Amino acid sequence: QTVSTQPVSRTIQVETTDALRFVPDQLDVRVGETIAFEIRNAGNLPHEFFIGTPAEQQEHEREMASGAPMHAEPGQIDVPAGKTVRLVYTFSNPAELEYGCHVPGHYPAGMRGTITIS
């Protein structure tokens, strides 16, 4: 799984909410697809969108909780209030991944979703 410069297979729109949720919170993609995620934040709270395994989500949560500044890493993008951002990602192996927001307090409150790659 990598951030990609491959041609985009399709675009998936995801909304963030001030109720600390992603809409939708479950996605299905196919192995080999390069997805352009368009993540829209129409609310007042800043969010982020981070794709990773459950273990990677926990590691990222620890980093963010420690006060580390948000920094771009593969599969991660900041989603400022009132903005729409785009993240292009290629899914190369069958797996179950998560997407989450790790602004302090958001992930434990349930701001996460599941990506099933088949």
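## Ground rules and overall layout

Strands here are DSSP runs of E with at least two residues, helices are runs of H or I with at least four, and both are numbered from the N terminus. With that in hand, P46 is easy to place: P46 sits in the loop between β5 and β6. Keep in mind that what you're looking at is a predicted model.

The protein has one helix and 10 strands. Starting at the N terminus, the order goes β-β-β-β-β-β-α-β-β-β-β.

## Size and surface

How does the radius of gyration of the protein fit with a compact globule? For 118 residues, a compact globule would come out near 13 Å, and the protein has 13 Å, so the two agree. Along its principal axes, the C-alpha trace covers about 35 × 30 × 25 Å. Of the 118 residues, 42% count as buried.

On the outside, the protein exposes about 5,900 Å², with carbon and sulfur atoms supplying 53% of that. As for charge, there are 8 positive and 15 negative side chains, and the centres of these two sets are 6 Å apart. The chain also brings distant stretches of sequence together: take the contacts between residues at least 6 apart in sequence, and 73% of them join residues at least 24 apart.

## The nonpolar core

In soluble globular proteins, nonpolar side chains tend to be buried together. Here, the largest nonpolar core has 24 residues. The ones with the most contacts inside that core are V14, F37, I39, F49, I51, F91 and I115. Which strands each give at least two residues to this core? They are β2 (10-16), β4 (26-29), β5 (34-41), β6 (47-52), β7 (76-79), β8 (84-90), β9 (95-100) and β10 (112-117).

Let's zoom in on two of those core residues. V14 belongs to strand β2 and has a relative accessible area of 0%, so V14 counts as buried. Not counting residues up to four places away in sequence, V14 touches F22, V23, P24, L27, F37, E38, I39, R40, F49 and Y99. One of those is L27, 13 residues from V14 in sequence and 9.8 Å away in space, C-alpha to C-alpha. F37 has plenty of company too: setting aside its neighbours within four places in sequence, F37 is in contact with I12, V14, L27, F49, I51, V85, R86, L87, Y89, F91 and I115.

## Backbone oddities on either side of β3

Where does L20 sit? L20 is in the loop between β2 and β3. Its phi is near 60°, a positive value in a residue other than glycine. Loop or not, L20 counts as buried because its relative accessibility is 16%, and the cut-off for buried is under 20%.

Further along, V23 and P24 are joined by a cis peptide bond, with omega about 0°. P24 lies in the loop between β3 (22-23) and β4. You've already met both partners of that bond, as V23 and P24 are among the residues that V14 touches.

## A few more loop residues

Q6 is in the loop between β1 (2-3) and β2, and its relative accessible area of 46% makes Q6 partly exposed. Leaving out neighbours within four places in sequence, Q6 is in contact with T34 and T90. Q6 and V88 are 82 residues apart in sequence, while their C-alpha atoms are 8.5 Å apart in space.

Now back to P46. Is P46 buried or partly exposed? With 41% relative accessibility, P46 counts as partly exposed. Beyond its neighbours within four places in sequence, P46 is in contact with N41, V79, A81, V103 and H106. P46 and V31 are 15 residues apart along the chain, and 31 Å separates their C-alpha atoms.

Last up is G75, found in the loop between α1 (54-65) and β7. How accessible is G75? Its relative accessible area is 0%, which means G75 is buried. G75 and Y99 are 24 residues apart along the chain, with 9.0 Å between their C-alpha atoms.

How values were computed:
Residues are numbered from 1 along each chain as its sequence is written. This is a predicted model: local features need pLDDT of at least 70, side-chain atom pairs count only at pLDDT 80 or more; totals for chains, interfaces and linings use all residues. Side-chain values use heavy atoms; hydrogens and water are left out. The radius of gyration is taken over C-alpha atoms; the globule rule is 2.2 Å times the number of residues to the power 0.38. Buried means under 20% relative accessible area, exposed over 50%, partly exposed in between (1.4 Å probe, protein chains only). Contact means heavy atoms within 4.5 Å. Accessible areas come from the Shrake-Rupley method with a 1.4 Å probe; for residues, only the protein chains shown count as cover. Lys and Arg count as positive and Asp and Glu as negative; His and the chain ends are not counted. The place of a charge is taken as NZ of Lys, CZ of Arg, CG of Asp or CD of Glu. A nonpolar core is a set of buried Ala, Val, Leu, Ile, Met, Phe, Trp, Tyr and Cys residues joined through side-chain atoms within 4.5 Å.
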